[in-house]
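Me: I am new to this structure and would like to learn how to read it one feature at a time. Could you take me through it slowly?

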Amino acid sequence: MNTGKRVLLIIGGGIAAYKCHELIRLMRKAGIAVTPVLTGAAQEFVTPLSISALAEERVYTDLFDLTDEAEMGHIQLSRVADLVVVAPATASLMARMAQGHADDLATTLLLATDTPVLIAPAMNVRMWDHAATKRNLATLTGDGVRVVGPNEGDMACGEFGFGRMAEPQEILDAVLRQLAGGGPLAGKRVLVTSGPTHEPIDPVRYIANRSSGAQGAAIAAALRDLGAEVLMVSGPATAPLPGGVEVIPVETAEEMMAAVQGALPADAAVFAAAVADWRVENSVGSKIKKDGSGIIPPLTLAENPDILKTISHLRDGRRPGLVVGFAAETDDVIANAIAKRLRKGCDWIVANDVSPGTGIMGGAENAVTLITGEGSEAWPRMGKAEVATRLAARIAEALA
Ligand code: CTP
């Protein structure tokens, strides 16, 4: 995967610099190219060689000659990226940024850049609490600098409190949000349900289905990449959750219903979850034992709330402007999906054939037909990420 995006990563001189190894790995995995810059102090904590190996790029340090005509100048270097990330942003680096210093490569780049800047502060709790750091932070945020963390926790110096650098995954999430900003869905809030639901029989057993949550996760990521604020209500999915979206984890259909209602209002909602139609009404709080009599305990099922139908029928501005459902069918796919759209009251329905031979449920590809009020459109079989990109683009057009 290649997003075509690039981050200029300025690594400051703090013990948290070691976390940049993982941060670079995560960014590369997310398809983001990384141009690393190490301050002099950072080189006491991490080596240019290890950073360069992970980024698969050359590392820029103060030894890099900014005046050499054959080399990239600092102005050019400061403009190569879509986002500048400073991690760890030490107290000293923040102070020099706030003051507008340009006395080394890192601060020179930060002063010369016209791209957005995201900092991940990391320092001792007393330094973070100091009035001077508070002033510098206020100056930086006033200048438009975005901040991720710091977190509360144990520090390398043995103290406890705020000052621990945000974890690499949190920084990646913030990076993805920043990179997506300004897309056609900027300012729009979109809700996505995803994954299966688990309906407990007893504390160790449950009824579930084969959904991996891969299509829902891909849709959430595609909407995020168009700039939407994405809120994902996810059942226990096996597919990885996308970064840069808010996730409300749920287990049962009833929990999913409550989370969805609590997450409204939204500009659009995509119901990609494979919600269990029934829950076990006689579920119990302790493990059911075999008593050797050969009598199989009967399960009494009750119908789960239909989340899509309930949300589609909301009134008073609580109904999302565009409601998209999914229809997983095995027979008469299109006819069933057209009827389902009317029955559920949603605006669009994405129909797919989940018969065992198709390999779609739990697989990497999907073959869908988009059914709207205007008619139906069969899309060729493609990767779930492509289906998601295409659907997100259609949603962006509809909300424009
Ligand atoms: N859905 C939902 N809540 C439910 C059941 C389904 O929100 N309790 C949503 C799904 O997320 C999907 C759509 O409704 O967007 C269609 O789900 P599906 O299971 O295919 O349809 P059913 O209503 O269960 O109809 P049937 O079982 O008859 O095919």
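**Reading strands, burial and a ligand shell**

Reply: Let us begin with a single pair of residues: Val 84 has Val 117 as its bridge partner in β4. Keep in mind throughout that this is a predicted model.

Me: In what sense do strand β3 and strand β4 pair, and over how many bridges?

Reply: The idea is to go from one bridge to the strands that carry it. Here strand β3, residues 83-89, and strand β4, residues 117-121, pair in the parallel sense, and four bridges join them.

Me: What is the order of the strands in the open sheet?

Reply: An order is read across the sheet, from one edge to the other. In this open sheet of five strands the order is β2-β1-β3-β4-β5, and the pairing is parallel. At the edges stand β2 (32-38) and β5 (146-147), and because each has a single partner strand, one side of each is left without a neighbour in the sheet.

Me: Which strands form a hairpin, and how many residues are between them?

Reply: For a hairpin, look at the two strands and then at the turn. Strand β6 (residues 151-154) pairs with strand β7 (residues 160-164) in the antiparallel sense over four bridges, and within this pairing Glu 152 stands opposite Phe 162 of β7. The hairpin that β6 and β7 form has five residues between the strands, and in the turn Gly 158 has a positive phi of about 95 degrees.

Me: Is Arg 224 buried or exposed?

Reply: Burial is judged from relative accessible area, with a cut-off of under 20% for buried. Arg 224, which lies in helix α9 (residues 214-225), has a relative accessible area of 9% and is therefore buried. Not counting residues up to four places away in sequence, Arg 224 touches Leu 176, Ala 180, Val 230, Pro 242, Gly 243, Gly 244 and Val 245.

Me: Where is Gly 243 found, and with which residues is Gly 243 in contact, leaving aside its neighbours within four places in sequence?

Reply: A loop residue can be read in the same steps. Gly 243 is found in the loop between β11 (229-234) and β12 (246-249), and its relative accessibility is 11%, so Gly 243 counts as buried. With its neighbours within four places in sequence left aside, Gly 243 is in contact with Gln 169, Asp 173, Leu 176 and Arg 224.

Me: Which residues are buried in helix α10, and what covers them?

Reply: For a helix, list the buried residues and then what lies against them. In helix α10, residues 253-263, the buried residues are Ala 253, Met 256, Met 257, Ala 259, Val 260 and Ala 263. Their cover includes the strands β8 (189-194), β9 (199-202), β11, β12 and β13 (268-271), together with α11.

Me: How many residues surround the ligand, and which are the closest?

Reply: Start from the shell and then turn to single atoms. The ligand is surrounded by 13 residues, of which Phe 271, Ala 273, Phe 326, Lys 340 and Lys 344 are the closest, and by class the shell has eight nonpolar, one polar and four charged residues. An oxygen atom of the ligand lies 2.6 Å from a polar backbone atom of Ala 273, while a polar side-chain atom of Lys 340 is 2.8 Å from an oxygen atom of the ligand. On its own the ligand has 570 Å² of accessible area, and the protein covers 78% of this. Two or more residues of the shell come from each of α11 (307-312), β16 (322-329) and α12 (333-344), and β16 gives the most, with three residues.

Terms used:
Residues numbered from 1 in each chain as written. Predicted model: local features only at pLDDT ≥ 70, side-chain atom pairs only at ≥ 80, totals over all residues. Heavy atoms only, no water. Near = heavy atom within 4 Å. Polar contact = N/O pair within 3.5 Å; in protein donor to acceptor, adjacent residues only side chain to side chain. Areas by Shrake-Rupley, 256 points an atom, 1.4 Å probe, with all protein chains shown as cover. Nonpolar A, V, L, I, M, F, W, Y, C, P; charged D, E, K, R; others polar. Buried < 20%, exposed > 50% of the residue type's maximum accessible area, 1.4 Å probe, protein only. Contact = heavy atoms within 4.5 Å. Pairing = 2+ DSSP bridges.
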